[in-house]
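Work through the exercises below with the sequence and the 3D structure at hand. Each task is followed by a worked solution.

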Amino acid sequence: MFEVKEAIQNPNARTVYPWEKMSLGQGFFAPLSGYSKPPKPSAIANAGNEWAKRRGVEWKFEAFKHTLDGVEGIQVNRVQ
């Protein structure tokens, strides 16, 4: 039958955003031109918060629309 073992990380899973590289107080800018259908800032923040939850870390992310050097995009910050 089946034997229950420790879970392993999916080797095919990929993360689009650099969550694991961010320290508290750091962030990244995602230009809206990089998307065929731009996401809402809350969707990106939720993706980061779910990433942290799956890894058992108490990190929190916030995101908001921002224009950087004339380029419209979404700023994502690690706030906890």
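The exercises go from one helix to the sheet, then to the core and to single residues.

This is a predicted model, in which local features need pLDDT of at least 70 and side-chain atom pairs count only at pLDDT 80 or more, while totals for chains, interfaces and linings use all residues. Residues are numbered from 1 along each chain as its sequence is written, and side-chain values use heavy atoms, with hydrogens and water left out.

**Exercise 1. Compare the expected span of helix α1 with the distance between its end C-alpha atoms.**

Solution. Helices (H or I, at least four residues) and strands (E, at least two) are DSSP runs, numbered from the N terminus. Helix α1 covers residues 41-55, which is 15 residues. The expected span is 1.5 Å times one less than the number of residues. For α1 this gives 21 Å, and the end C-alpha atoms are 22 Å apart, so the two values agree. After the helix comes G56, with a positive phi near 70 degrees.

**Exercise 2. Which residues of α1 are buried, and how are they placed around its axis?**

Solution. Take buried as under 20% relative accessible area, exposed as over 50% and partly exposed as in between (1.4 Å probe, protein chains only). By this rule P41, I44, A45, G48, W51 and A52 are the buried residues of α1. Seen down the axis of α1, they fall within an arc of 115 degrees, so they line one face of the helix. The arc is taken from the directions that lead from the helix axis to the C-beta atoms. As background, an α-helix has 3.6 residues a turn, so residues three or four places apart point the same way. K53 and R54, on the other side of α1, are exposed. The cover over the buried residues includes β1 (27-31), β2 (61-68) and β3 (71-78), where contact means heavy atoms within 4.5 Å.

**Exercise 3. Work out the strand order of the sheet and find the strands at its edges.**

Solution. Two strands pair if DSSP finds at least two bridges between them. β1 and β3 are antiparallel and share five bridges; one bridge partner pair is F29 and Q75, the latter in β3. β2 and β3 are also antiparallel, with eight bridges. Within that pairing, E62 stands opposite N77 of β3, and F61 is opposite R78 of β3.

The result is an open sheet of three strands in the order β1-β3-β2, with antiparallel pairing. β1 and β2 are the edge strands with a single partner each, so one side of each has no neighbour in the sheet. On average, neighbouring strands are turned by 25 degrees against each other, direction ignored. α1 packs on this sheet and touches β1, β2 and β3, and its direction makes about 140 degrees with that of β2. Axes here are lines fitted to C-alpha atoms, for helices over the stretch in contact, and angles run from 0 to 180 degrees between N-to-C directions.

**Exercise 4. Find the residues that touch the most other members of the largest nonpolar core.**

Solution. A nonpolar core is a set of buried Ala, Val, Leu, Ile, Met, Phe, Trp, Tyr and Cys residues joined through side-chain atoms within 4.5 Å. The largest one has 15 residues, and W19, F28, I44, I74 and V76 touch the most other members. β1, α1, β2 and β3 are the elements that give two or more residues to this core. The most come from α1, which gives four.

Now take I74 alone. Not counting residues up to four places away in sequence, its contacts include F28, F29, P41, I44 and F64. As for β3, six of its eight residues are buried.

**Exercise 5. Is G48 buried or exposed, and what does it contact?**

Solution. G48 lies in helix α1. Its relative accessible area is 0%, so G48 is buried. Leaving aside neighbours within four places in sequence, G48 is in contact with W19 and F61.

Two distances place G48 further. P18 and G48 are 30 residues apart in sequence, with C-alpha atoms 9.2 Å apart in space. S36 and G48 are twelve residues apart along the chain, and their C-alpha atoms are separated by 20 Å. P18 itself is in the segment before β1 and is partly exposed, at 28% relative accessible area.

**Exercise 6. Where is D69, and what is the sign of its phi?**

Solution. D69 sits in the loop between β2 and β3. The hairpin of these strands has two residues between them. The phi of D69 is positive, about 50 degrees, although D69 is not a glycine. Its relative accessibility is 75%, so D69 counts as exposed.
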